[in-house]
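I opened the notebook to record what I looked up in this structure. The entries follow the order in which I checked things.

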2 protein chains.
Amino acid sequence: MKSSEETRRGWMQQAVALAVQNVETNRGGPFGALIVKDGECIASGTNLVTHNNDPTAHAEIVAIREGCRALGTFQLDGSELYTNCEPCPMCLGAIFWSRINAYYFCATRADAAAAGFDDAFIYDQLLLRPEERAVSGLHLCVENSAAPFEAWARSAQKIRY
Amino acid sequence: MKSSEETRRGWMQQAVALAVQNVETNRGGPFGALIVKDGECIASGTNLVTHNNDPTAHAEIVAIREGCRALGTFQLDGSELYTNCEPCPMCLGAIFWSRINAYYFCATRADAAAAGFDDAFIYDQLLLRPEERAVSGLHLCVENSAAPFEAWARSAQKIRY
């Protein structure tokens with residue numbers, strides 16, 4: 001079922017309202033997200049980084065984890081995500097891994113940067129080579145580096161994701 | 001305390017061993033990670049995507065969340081992360097948000113791609129404009145889109161992260 005423009009705007013308004021409420025209740029940053037499947041909201045999330053002591057607890061990640069819990073699955077194909085602000089690279093990666101069909105956002109990474117958040121900075125950092133980043137990524141090889149992938153290739157019980 | 005090359009190789013070998021064990025015990029993909037602070041391993045993680053029904057449960061994310069739990073904080077400054085494979089964009093974002101000082105990896109996104117994982121694909125997708133991505137990102141604005149950031153600017157109790 002394809003949502004109409006009006007329905008989509010309603011979901012986005014809910015994401016914005018969640019974000020405002022999250023700040024006003026001192027739970028965390030100004031971010032809210034919903035997962036919608038077959039015209040119903042199956043999960044929501046807000047930024048809980050400081051509340052949960054979890055730097056990965058962005059609204060989109062919280063909503064994706066909650067949606068998977070609700071459906072008892074590790075993939076959200078057939079779902080859409082609504083977030084009041086453009087996902088950061090971490091959340092965008094999570095959106096891809098979750099197999100969500102599409103995502104909608106309202107404010108942009110530039111708006112987030114203006115409010116003091118690192119989203120745009122991290123996008124820019126991804127364009128650099130690992131060793132040139134502000135957080136250096138260093139290649140360190142050991143002899144048995146292929147062993148995990150060899151075990152994966154051998155495994156008869158593996159569940160692909 | 002700066003780890004010596006030999007010590008670093010020891011941590012990487014542990015990350016590789018965790019990754020192999022994770023596959024052999026059928027818990028998930030061939031990935032393992034450690035967080036090291038002041039010469040001690042304070043947390044570890046393996047890929048638990050299918051085991052936990054959580055598409056965000058990559059080894060690095062599991063280790064970062066565990067490290068924060070162990071220290072009772074939302075930032076891991078002063079720590080280093082060891083992972084047997086180059087972090088995907090989701091995990092790289094998490095590394096930045098966690099304020100880890102540096103990360104070390106062994107296998108690359110190309111090795112992960114050869115084993116059937118989407119890491120390299122997602123890196124390539126990030127270079128596209130949101131609306132051109134395989135998972136479309138669509139800009140959908142509503143009237144009150146600035147309200148969350150306005151609430152954040154107003155908040156006297158906010159905790160920056």
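These entries go from one chain as a whole to its helices, their contacts and a few backbone angles.

**Entry 1: chain A overall**

I note at the start that this is a predicted model. I counted elements in chain A and got 7 helices and 5 strands. I read their order from the N terminus as α-β-β-α-α-β-α-β-α-α-β-α. I then took the extent of the C-alpha trace of chain A, which is about 55 × 40 × 30 Å along its principal axes. I looked up burial next: 57% of the 161 residues of chain A count as buried. I also checked the contacts in chain A with a separation of 6 or more, and 47% of them join residues 24 or more positions apart.

**Entry 2: helix 4 of chain A**

How many residues of helix 4 of chain A are buried? I found 10 of the 10, so this helix is largely enclosed by the rest of the structure. I listed the buried residues as A:Pro89, A:Met90, A:Cys91, A:Leu92, A:Gly93, A:Ala94, A:Ile95, A:Phe96, A:Trp97 and A:Ser98.

I then asked what covers the buried residues of helix 4 of chain A. From chain A, the cover includes helix 3, strand 3, strand 4 and helix 6. From chain B, it includes helix 4 and helix 6.

I picked out A:Ser98, which lies in helix 4 of chain A. Its relative accessibility is 0%, so A:Ser98 counts as buried. I set aside neighbours within four places in sequence and found A:Ser98 in contact with A:Ile64, A:Gln75, A:Leu76, A:Asp77 and B:Pro55.

**Entry 3: helix 3 against helix 4, within chain A**

I computed the packing of helix 3 (residues 59-71) of chain A on helix 4 of chain A. The axes are 9 Å apart and the angle is about 20°. That makes helix 3 of chain A roughly parallel to helix 4 of chain A. I logged the crossing of these two helices of chain A as left-handed.

Which residues make the contact? Helix 3 of chain A supplies A:Glu60, A:Ile61 and A:Ile64. Helix 4 of chain A supplies A:Met90, A:Cys91, A:Ala94, A:Ile95 and A:Ser98. I sorted the residues of this contact into 6 nonpolar, 1 polar and 1 charged.

**Entry 4: helix 4 of chain A against helix 6 of chain B**

I went across to chain B. The axes of helix 4 (residues 89-98) of chain A and helix 6 (residues 119-126) of chain B come within 11 Å and cross at roughly 125°. The two helices are therefore oblique to each other. I logged the crossing of helix 4 of chain A with helix 6 of chain B as right-handed.

On helix 4 of chain A, I found A:Pro89, A:Leu92, A:Gly93, A:Phe96 and A:Trp97 in the contact. On helix 6 of chain B, they meet B:Asp119, B:Phe121, B:Ile122, B:Gln125 and B:Leu126. I sorted the residues of this contact into 7 nonpolar, 2 polar and 1 charged.

**Entry 5: B:Pro89**

I looked up B:Pro89, which lies in helix 4 of chain B. With 0% relative accessibility, B:Pro89 counts as buried. Leaving aside neighbours within four places in sequence, I found B:Pro89 in contact with A:Pro89, A:Met90 and A:Leu126 of chain A. In chain B, the contacts of B:Pro89 are B:Asp119, B:Ile122, B:Tyr123 and B:Leu126. I also took the C-alpha to C-alpha distance from B:Pro89 to B:Ala120: 9.0 Å, for 31 residues of separation in sequence.

**Entry 6: helix 7 of chain B**

I listed the buried residues of helix 7 (residues 147-154) of chain B: B:Pro148, B:Phe149, B:Ala151 and B:Trp152. They cover an arc of only 155° around the axis, which puts them on the same side of helix 7 of chain B. On the face turned away from that buried side I found the exposed residues B:Ala153 and B:Arg154. The cover over the buried residues of helix 7 of chain B includes helix 1, strand 3, strand 4 and helix 5 of chain A.

**Entry 7: positive phi**

Most residues other than glycine have a negative phi. I therefore noted the following cases.

- A:Arg99, just after helix 4 of chain A, has a positive phi of about 65°.
- A:Asn26 has a phi near 60°. I placed A:Asn26 in the loop between helix 1 and strand 1 of chain A. A:Asn26 is partly exposed, with a relative accessible area of 41%.
- B:Asn53 has a phi near 50°. I placed B:Asn53 in the loop between helix 2 and helix 3 of chain B. B:Asn53 counts as partly exposed at 25% relative accessibility.

Definitions and conventions:
Residues are numbered from 1 along each chain as its sequence is written. Chains are lettered from A and ligands numbered from 1 in the order in which they are written. This is a predicted model: local features need pLDDT of at least 70, side-chain atom pairs count only at pLDDT 80 or more; totals for chains, interfaces and linings use all residues. Side-chain values use heavy atoms; hydrogens and water are left out. Axes are lines fitted to C-alpha atoms, for helices over the stretch in contact, and angles run from 0 to 180 degrees between N-to-C directions. Helices (H or I, at least four residues) and strands (E, at least two) are DSSP runs, numbered from the N terminus. Angles under 35 degrees count as roughly parallel, over 145 as roughly antiparallel, 65 to 115 as roughly perpendicular and the rest as oblique. A crossing is left-handed if the near helix is turned anticlockwise from the far one by less than a right angle, and right-handed if clockwise. Contact means heavy atoms within 4.5 Å. Ala, Val, Leu, Ile, Met, Phe, Trp, Tyr, Cys and Pro count as nonpolar, Asp, Glu, Lys and Arg as charged, and the others, Gly among them, as polar. Buried means under 20% relative accessible area, exposed over 50%, partly exposed in between (1.4 Å probe, protein chains only). The arc is that of the directions from the helix axis to the C-beta atoms.
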